[in-house]
Amino acid sequence: GNQWGYGKEDGPSIWHKNFPVAEGDRQSPIDIIPKEAPRDPNLGPIVLNYDQCTSLNITNNGHSVVVEFDDTDDRSVIQGGPLGNPYRLKQFHFHWGGKGCHGSEHTVEGMSYASELHLVHWNAVKYKSFGQAAEAPDGLAVLGIFLDTGDDHRWLHMITDALYMVKFKASVTDFKGFNPKCLLPSSLHYWTYLGSLTTPPLHESVIWIVLKEPIIVSEKQLGKFRTLLFSGEEEDQRMRMENNFRPPQPLKGREVRSSN
Ligand SMILES: C[C@@H](CNC(=O)c1ccc(S(N)(=O)=O)cc1)Cn1ccc2ccccc21
Ligand SMILES: [Zn+2]
């Protein structure tokens, strides 16, 4: 299939060859300029119902580390804010940089954070499957959370302690009972805009909700993400998984709104 990555030969600058939508009108991520993102009084708060959440496993898909959820019912949903329906949690994953360099996807006035967490949800009211939703303009809602560096995050160790089990591409291990609520910052104030997946196939199917407040994790915890490999166990070349982020894309006239 279409092999893509984050290197010189297969990275973001050449994705358009196999995925022409890369040059589309609603691509993500973007640079968010707060003073150009007016408060919209019609934007209510986002509501996260993650209490019955059902994480299943953690996997290295060769691009990131992903925690997958049982999305066969509405136990874990996001709703409110810009969303017309509840959207069902499918997975979350991270993007990060290399040693001492930042790796968030969205930036704020040109400033990037150390890392960015994406909680991926799909509109199971309107669409029959995640795959079908992933191709629809209102099919997905991704909650983006910035990670900044400072003290240890008290719960992130539950993820970083499992990373040695999924060092290689295509490795997967059980990861049950993890509630991502523990990864939220104290404020749910957000920016929202219409965008896309930030990796191929780059479908323009995402309602983005990016939280303004970052969570704080330590350099040591972030460093554990960089022990993951892009490469599979059988490959002789070991390529460290780092800098797995797409840079900001043209806004092309889109409006970014701010919650109150
Ligand atoms: C959409 C693709 C898989 N890609 C994603 O699911 C995805 C999700 C979020 C982001 S980001 N970085 O923007 O948050 C990027 C990619 C293929 N695919 C199609 C159907 C399908 C079913 C299960 C799994 C993968 C599937
Ligand atoms: Zn992502």
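These questions and answers cover the surroundings of ligand 1 and two loop residues in a predicted model.

Me: Which pocket does ligand 1 take up, and which residues come nearest to ligand 1?
Reply: The space that ligand 1 takes is the largest pocket. There are 13 residues around ligand 1. Those that come nearest are His93, His95, Phe130, Thr198 and Thr199.

Me: Which strand supplies the largest share of the shell around ligand 1?
Reply: At least two residues of the shell come from each of strand S6 (87-96), strand S8 (115-122) and helix H2 (130-133). The largest share is three residues, and the element that gives them is S6.

Me: How many charged residues does the shell around ligand 1 have?
Reply: Sorted by class, the shell has six nonpolar residues and seven polar ones. The number of charged residues is therefore none, since Asp, Glu, Lys and Arg are the residues that count as charged.

Me: What is the distance from a nitrogen atom of ligand 1 to a polar side-chain atom of Thr198?
Reply: Two histidines can be listed beforehand. An N or O atom in the side chain of His93 is 3.2 Å from a nitrogen atom of ligand 1. For His95, a polar side-chain atom lies 3.3 Å from a nitrogen atom of ligand 1. For a polar side-chain atom of Thr198, the distance to a nitrogen atom of ligand 1 is 2.8 Å.

Me: How much of the accessible area of ligand 1 does the protein cover?
Reply: On its own, ligand 1 has 570 Å² of accessible area. The share of this area covered by the protein is 68%.

Me: Is Gln27 buried or exposed?
Reply: Gln27 is found in the loop between helix H1 (15-18) and strand S1 (31-32). Its relative accessible area is 1%. Buried means under 20%, so Gln27 is buried.

Me: Which side chain is joined to that of Gln27 by a polar contact of 2.9 Å?
Reply: A polar atom of the Gln27 side chain lies 3.0 Å from the backbone oxygen of Val21. That partner is a backbone atom, whereas the contact of 2.9 Å is between two side chains. The other side chain in the 2.9 Å contact belongs to Glu204.

Me: How far apart in space are Ile30 and His93, C-alpha to C-alpha?
Reply: Ile30 lies in the loop between H1 and S1, and at 1% relative accessibility Ile30 counts as buried. In sequence, Ile30 and His93 are 63 residues apart. In space, their C-alpha atoms are apart by 18 Å.

Conventions:
Residues numbered from 1 in each chain as written. Chains lettered and ligands numbered in written order. Predicted model: local features only at pLDDT ≥ 70, side-chain atom pairs only at ≥ 80, totals over all residues. Heavy atoms only, no water. Near = heavy atom within 4 Å. Polar contact = N/O pair within 3.5 Å; in protein donor to acceptor, adjacent residues only side chain to side chain. Areas by Shrake-Rupley, 256 points an atom, 1.4 Å probe, with all protein chains shown as cover. 1 Å grid on protein atoms, 1.4 Å probe; cavity = no way out; pocket = protein on both sides within 12 Å on 5 of 7 lines; lining within 4 Å. Sits in = over half its atoms within 2 Å of the grid points. Helix = DSSP H or I, 4+ residues; strand = E, 2+ residues; numbered from the N terminus. Buried < 20%, exposed > 50% of the residue type's maximum accessible area, 1.4 Å probe, protein only.
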